[in-house]
Amino acid sequence: MSSSGAFAFSNRSTGTELEKLHCVTCPPTTLKRSELRLEPSERGIQCRRRAREKLHPRVMHSLHPEKVELFKSLEGWAESTLLPLLKPVDKCWQPQDHLPEPSSEGFFDEVKELRARAACLPDDYLVCLVGDMITEEALPTYQTMLNTLDGTRDETGASSSPWGIWTRTWTAEENRHGDLLNKYLYLTGRVDMRQIEKTIQYLIGSGMDPQTENNPYLGFVYTSFQERATFISHGNTARHAKQYGDGRLATVCGLIAADEKRHENAYTKIVEKLFELDPDGAMLAFADMMRKKISMPAHLMYDGQDEHLFDNFSLVAQRIGVYTAKDYADIMEHLVAKWNVANIQGLSSEGHKAQDYLCSLPVRIRRLEEHAQSKVKKGPKTGSFSWIFNREVALL
């Protein structure tokens, strides 16, 4: 999973409402006792989390017991359809395949070559690459999220069920992404690794609540969207790296994008199956997630300094085209077509309303973004990022 530019669109669409609900420097009387020990900026993160909960009150275990059983009955399907999309370890690339070999006599020469290639990478690109890497490194949070889903969670931590095997092996494949990008960026010498490591620790500690309600219908809509977003984001970082002259980095980002595409294929197959077996439930779940707006995995990103780090990172990604509001609408349009939403039959009256909403949503999103862009104040706006030693980068 990853986090980039138009993720700002999904968050900023409710930004005004969030600002009305909280102040970053909340008075102690509004904080829980455990939060009084936090630094002021960390308290702001807690306030933003609670503000989101006010907009969308927390619901848990919303899946009806009969539908939990549906997922139990799909274990055979999952074994024959999902597990073949995972690769055996021996057939997977490993981070070391694309890094200087430390046991080689030519190691230092290889590092010098890597640094020479990386010298051409502009700061705004580095911000996007670091942000994507940090999001990948928060992988423990994403495995935890998958294991909140009723009917598909890994009940023991080593379950032999196809759902448990999928979650663990998906996590193992994803783990290579952060490892590779982290080591690559470390070797460039262009970034402040300590600040990056702090951001990763803060992000894992903050967790995430995508409001999937322990409900696999909602959870797999969410992961379908996220994997598509990650595929696009890493694909764009690959394209940019090639343009800037770092072919090795382009290869790295392209390999990660290919993994994300394969994982997207698996998650979209699950939702496709749900549309086949329970069209009304799948339609309502898809509409529910889109009404809530997709909260991005790293929306609580923090480096110990910048309370608006995620928003600023998102603006940079939007500006240079790593991930944009247009991409958000494109993903929505892609999923509507992929799941043949417009032609689903056998819906209730609520299901038909959800169907109409979903089919019209991509156009609405594009219009809203065009309107939002027209309201953006013209002129330069910059921000500094601790990840690149507090150098200034254009945000707009």
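Strands β1 and β2 make a hairpin with 5 residues between them, and in this predicted model the turn holds Phe389, whose phi is positive at about 60°. The two strands, β1 at residues 382-385 and β2 at residues 391-394, run antiparallel and are joined by 4 bridges. Two of the pairings are easy to pick out: Thr382 is bridged to Ala394, and Gly383 has Val393 as its partner.

Which side chains of β1 are buried, and which are not? Gly383 and Phe385 point to one face and are buried, while Thr382 and Ser384 point to the other and are not. That fits the usual pattern, because side chains in a regular strand alternate between the two faces of the sheet.

Phe385 also turns up in the largest nonpolar core. This core has 107 residues, and Phe385 sits alongside Phe286, Met290 and Trp387 as the members that touch the most others. Helix α12, residues 247-277, supplies the largest share of the core, with 11 residues.

Take Phe286 as a sample of what those contacts look like. Leaving out residues up to four places away in sequence, Phe286 touches Val221, Phe275 and Leu358, and also Met332, Leu335, Val336, Trp339 and Val341.

Now for the empty space. How many cavities of 30 Å³ or more does a search of the whole structure find? Just 1, and the volume of the largest cavity is about 30 Å³. Its lining consists of Leu146, Thr152, Trp163, Trp166, Thr167 and Phe220. Helix α9, residues 162-188, gives the largest share of that lining, 3 residues. By type, the lining residues split into 4 nonpolar and 2 polar, with no charged ones.

Last stop: Gly207, in the loop between α10 (193-206) and α11 (216-244). Is this glycine buried or exposed? Its relative accessible area is 17%, and the cut-off for buried is under 20%, so Gly207 counts as buried. Setting aside residues up to four places away in sequence, Gly207 touches Thr141 and Leu300. Thr144 is 63 residues from Gly207 in sequence, yet the C-alpha to C-alpha distance is 9.0 Å.

Here are the helices mentioned above, with their residue ranges.

| Helix | Residues | Where it comes up |
|---|---|---|
| α9 | residues 162-188 | 3 residues in the lining of the largest cavity |
| α10 | residues 193-206 | one end of the loop with Gly207 |
| α11 | residues 216-244 | other end of the loop with Gly207 |
| α12 | residues 247-277 | 11 residues in the largest nonpolar core |

Methods: Residues numbered from 1 in each chain as written. Predicted model: local features only at pLDDT ≥ 70, side-chain atom pairs only at ≥ 80, totals over all residues. Heavy atoms only, no water. Core = buried A, V, L, I, M, F, W, Y, C linked by side-chain atoms within 4.5 Å. Buried < 20%, exposed > 50% of the residue type's maximum accessible area, 1.4 Å probe, protein only. Contact = heavy atoms within 4.5 Å. 1 Å grid on protein atoms, 1.4 Å probe; cavity = no way out; pocket = protein on both sides within 12 Å on 5 of 7 lines; lining within 4 Å. Points joined across faces, edges and corners; volume = space filled by probe spheres on them. Nonpolar A, V, L, I, M, F, W, Y, C, P; charged D, E, K, R; others polar. Pairing = 2+ DSSP bridges.
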